[in-house]
Amino acid sequence: MIMKKIIFWHLIAITFISTTLLAACGGGSDLDGGRTAGQGNGQGGGSDSSVATTTLSDEEVAGLLFMREEEELARDLYLDIYDVKESRLNTFKRISDNAETKHAEAIRTLLETYGIDDPSTGLHNIYNDPDLQNLYDQLLNIAVGSDDLAALRVGALVEETDIRDINTYKSHVATDHQDIVSTYNNLLCGSRNHL
């Protein structure tokens with residue numbers, strides 16, 4: 001009887017946390033067709049000619065460049081973990097296919113909008129940023145060389161790092177660049193949902 005009560009309260013807690021996260025992110029999840037970066041409110045991914053004439057600060061440019069490759073890292077890492085762990089951890093494939101790919105594309109769209117060269121190599125698991133390359137290599141070794149719980153911990157670390165980095169770069173965005181702010185907010189929602 002005690003075990004049933006514990007399970008019941010765990011289910012209530014999980015339901016509450018999930019509902020809270022979804023409400024904070026506009027009620028959708030980028031795993032189930034909800035709004036993703038650059039979609040939904042007319043901001044963050046469309047090509048608005050008035051936006052393209054606005055100059056970005058060095059910090060804003062650095063943020064977009066870094067986030068482009070960081071989102072690709074998450075996409076690639078999740079796919080590679082899935083390839084090794086297969087159906088036991090199919091959530092990695094769903095997140096990669098349904099979210100991280102869209103997140104990387106939303107940042108690419110912003111780069112195009114502002115006339116910034118894309119840092120992406122276009123190659124799976126190869127990054128121009130040496131720190132991201134090193135991080136990818138380390139995390140993949142941990143995730144595939146250990147049990148499934150270690151792989152899930154790697155996924156959580158990726159999302160926690162993403163949240164921290166998005167918040168850092170978002171803090172440098174000028175208020176008149178609402179397309180960037182909106183995209184970063186949508187990426188934050190996705191990362192919280194994945195976590």
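Helices and strands are taken here as DSSP runs, of at least four residues for a helix and at least two for a strand, numbered from the N terminus. On this basis, the protein chain of the predicted model contains 7 helices and 0 strands. Read along the sequence, the elements follow the pattern α-α-α-α-α-α-α. The chain comprises 195 residues, of which 42% count as buried. Its exposed surface amounts to about 10300 Å², and carbon and sulfur atoms supply 56% of this area. Among contacts with a separation of 6 or more, 77% are accounted for by residues 24 or more positions apart.

In soluble globular proteins, nonpolar side chains tend to be buried together. In the present model, the largest nonpolar core has 35 residues, and those with the most contacts inside it are L64, L77, I81, I180 and Y184. Two or more residues of this core are given by each of α3 (58–85), α4 (91–113), α5 (130–144), α6 (148–170) and α7 (178–194). The most is given by α3, with 8 residues. One of the residues with the most contacts inside the core, I180, is in contact with L56, L64, L110, Y114 and V173, when its neighbours within four places in sequence are left aside.

Helix α3 has 28 residues, which should span 40 Å at 1.5 Å a residue; its end C-alpha atoms are 40 Å apart, in agreement with this value. Y78 is placed in α3 and counts as buried because its relative accessibility is 2%, the cut-off for burial being under 20%. Residues up to four places away in sequence not being counted, Y78 touches F92, I95, S96, E100, G155, V158 and E159. The C-alpha atoms of Y78 and N90 are separated by 9.5 Å, the two residues being 12 residues apart along the chain. Just after α3, E86 takes a positive phi of about 55°.

A positive phi of about 55° is also found at N125, although N125 is not a glycine. This residue is placed in the loop between α4 and α5. N125 counts as partly exposed, since its relative accessibility is 22% and the partly exposed class lies between the limits of 20% and 50%.

Helix α5 follows that loop. At its N-terminal end, α5 is capped by D129, a side-chain oxygen of which lies 2.8 Å from the backbone nitrogen of D131. The 15 residues of α5 reach 21 Å from the first C-alpha to the last, close to the 21 Å expected at 1.5 Å a residue. The buried residues of this helix are L132, Q133, Y136, L139, L140 and A143. Seen down the axis of α5, these buried residues fall within an arc of 140°, and they therefore line one face of the helix. An α-helix has 3.6 residues a turn, so residues three or four places apart point the same way. The buried residues of α5 pack against α3 and α6. On the face of α5 turned away from the buried side are the exposed residues P130, D131 and N141.

The loop between α6 and α7 includes S171. With a relative accessibility of 56%, S171 counts as exposed, the cut-off for this class being over 50%. The C-alpha atoms of S171 and E59 are separated by 9.6 Å, while the two residues are 112 residues apart along the chain.

Helix α7 has 17 residues and reaches 24 Å from its first C-alpha to its last, which is close to the 24 Å expected at 1.5 Å a residue. This helix is mostly covered, with 14 of its 17 residues buried. S182 lies in α7 and counts as buried, because its relative accessibility is 7%. The C-alpha atoms of S182 and K170, two residues that are 12 residues apart along the chain, are separated by 9.6 Å.

Note on methods: Residues numbered from 1 in each chain as written. Predicted model: local features only at pLDDT ≥ 70, side-chain atom pairs only at ≥ 80, totals over all residues. Heavy atoms only, no water. Core = buried A, V, L, I, M, F, W, Y, C linked by side-chain atoms within 4.5 Å. Buried < 20%, exposed > 50% of the residue type's maximum accessible area, 1.4 Å probe, protein only. Contact = heavy atoms within 4.5 Å. Expected span 1.5 Å × (residues − 1). Arc of directions from axis to C-beta. Polar contact = N/O pair within 3.5 Å; in protein donor to acceptor, adjacent residues only side chain to side chain. Areas by Shrake-Rupley, 256 points an atom, 1.4 Å probe, with all protein chains shown as cover.
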